[in-house]
Amino acid sequence: MMRNDFHCRIILLCFIAMTIAVNGQAQGVRKKGHAVTFKKHVVSSVFVSEGAATGDVNNDGRIDILAGQYWYEAPSWKRHTIHKDTLNPPKGYSTSFLNFCMDVNNDGWVDLIKFDVPGGECTWYENPGKKNTGWKRRLILTSAGIETPLLTDVDGDGRKDIICNDAEQKQVIWLKSPIGKGDTAWQRYLISSHPDRATHRYTHGVGWADVNLDGRKDVIVRTGWWEGPADVKQPEWTWHPANLGDDCANMFALDVDLDGDIDIMSSSAHDYGIWWHEQRKNAQGESTWITHDISKSFSQSHSMAMADINGDGNPDLITGKRFGAHNEKDPGAAEPAVLYWFECLPGKTPRWIPHEIDNNSGIGNSFEVTDINKDGLLDIITSNKKGVYFFEQVKQ
């Protein structure tokens with residue numbers, strides 16, 4: 001009896017272990033993430049920009065913050081002027097809607113890329129380096145539309161390019177960054193000339209990801225996606241219509257339900273809602289999309305990032321409120337200017353656990369998630385009507 005009972009227990013334990021292994025595989029085995037805590041640093045309490053960027057402006061080995069007219073020198077965040085091109089901003093708004101940072105002309109010094117109000121100018125300001133001169137302003141595009149254009153490597157050459165629309169020409173385009181030392185010319189390539197597809201200056205929502213898992217990235221908007229061709233310089237990319245929800249901000253792709261295809265995440269620019277759009281196949285093998293809520297706890301999540309905040313191997317979502325996006329006219333505008341990260345738990349029924357970082361700062365139209373102080377942990381840098389902030393992730 002004792003021997004039979006022992007054998008039964010062994011069999012039962014093996015069955016339990018097998019069940020756990022199968023369930024773990026179905027839900028996605030996660031490594032344990034570290035505890036996450038952020039320390040808030042007020043870089044500036046003045047509204048200077050709806051976008052923030054980072055880069056080593058003075059080549060001293062430290063990462064600085066750029067926002068609007070200024071760059072803030074690490075680690076004390078001393079303010080330096082880049083330009084004075086305010087261009088008479090509309091009341092309650094800024095002419096610095098998005099900021100990006102890269103070495104545009106390959107001279108060894110990082111520069112500032114600035115987007116004006118949607119449909120306005122996109123310009124870049126040349127870092128003078130050790131010269132005691134101002135930052136020279138250069139035009140990239142006269143009518144750069146889409147409210148959250150992207151700076152990303154389109155052609156895979158290791159240099160970041162721009163995805164946006166030309167609101168005057170009614171075209172969706174990508175702009176290849178200069179490639180030679182001292183070169184300042186951006187090359188223009190056509191994605192789509194269809195006048196009714198993401199060509200309005202106030203178009204909300206764009207992403208850059210591999211939707212069909214063919215190894216090439218695609219351009220995503222809320223009404224569908226353009227399939228990236230083998231040669232990205234080829235005009236008129238193939239269009240695939242899709243219903244990817246309401247007006248949104250940045251869009252990201254990930255197989256969060258672990259069923260072998262790609263799902264898409266987005267967030268509401270001017271209302272409540274952070275969503276994931278589940279891809280399914282109908283009887284004909286065509287993709288359909290089902291929208292699920294991630295959160296409706298705050299509104300105006302006008303920009304969003306995806307990054308692995310806690311180091312568990314799963315990319316999380318980072319977003320918050322763009323305070324006063326429409327000058328207090330949006331739903332929930334008077335509610336706190338929060339900043340959140342949503343911990344991603346992939347699986348058959350994926351979950352995102354909300355973690356509030358702050359309730360008096362929020363986000364703008366572009367922000368950075370990067371290890372700004374080089375301690376191995378991701379930090380968050382934001383700029384909006386509340387000011388400029390550095391949220392330092394601190395070790396436990």
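**Sheet and cavity, by question**

Reader: In what order do the 8 strands of the open sheet stand?
Author: The sheet is open, holds 8 strands (DSSP runs of E, at least two residues, numbered from the N terminus) and has mixed pairing, where a pair needs at least two DSSP bridges. Mind that this is a predicted model: local features need pLDDT of at least 70, side-chain atom pairs count only at pLDDT 80 or more, and totals for chains, interfaces and linings use all residues. Residues are numbered from 1 along each chain as its sequence is written, and side-chain values use heavy atoms, leaving out hydrogens and water. The order you're after is β16-β15-β14-β13-β17-β18-β19-β20.

Reader: Which strands stand at the edges of it?
Author: An edge strand here has a single partner, so one of its sides is left without a neighbour in the sheet. As for twist, neighbouring strands are turned by 20° against each other on average, direction ignored, using axes fitted to C-alpha atoms and angles from 0 to 180 degrees between N-to-C directions. The edge strands are β16 (238-241) and β20 (287-299).

Reader: How many residues of strand β18 are buried?
Author: Buried means under 20% relative accessible area (1.4 Å probe, protein chains only). D263, M265 and S267 point one way from β18 while I264 and S266 point the other, and all of them are buried. In a regular strand, side chains alternate between the two faces of the sheet. β18 (residues 263-267) is largely enclosed by the rest of the structure, because the buried count is 5 of the 5.

Reader: Which residue of β19 is the bridge partner of I264?
Author: On one side, β18 pairs antiparallel with β17 (residues 250-254) over 3 bridges, with A253 opposite I264 and L254 opposite D263. β18 also runs antiparallel to β19 (residues 272-281), joined by 4 bridges, and a hairpin of 4 residues links the two. The β19 partner of I264 is H277.

Reader: What space lies in the largest cavity?
Author: A cavity is a set of points on a 1 Å grid over the protein atoms alone where a 1.4 Å probe fits but cannot get out. Points join across faces, edges and corners, and the volume is the space filled by probe spheres set on them. The count is 1 cavity of 30 Å³ or more, and the space in the largest is about 40 Å³.

Reader: Which strand gives the largest share of its lining?
Author: Lining residues have an atom within 4 Å of a point, and they include F97, F115, D116, I146 and E147. By class there are 8 nonpolar (Ala, Val, Leu, Ile, Met, Phe, Trp, Tyr, Cys, Pro), 2 charged (Asp, Glu, Lys, Arg) and no polar residues (the others, Gly among them). The largest share, 4 residues from 136-152, comes from strand β9.

How values were computed: On a 1 Å grid over the protein atoms alone, a cavity is a set of points where a 1.4 Å probe fits but cannot get out, and a pocket is an open set with protein on both sides within 12 Å along at least five of seven lines; lining residues have an atom within 4 Å of a point. Buried means under 20% relative accessible area, exposed over 50%, partly exposed in between (1.4 Å probe, protein chains only).
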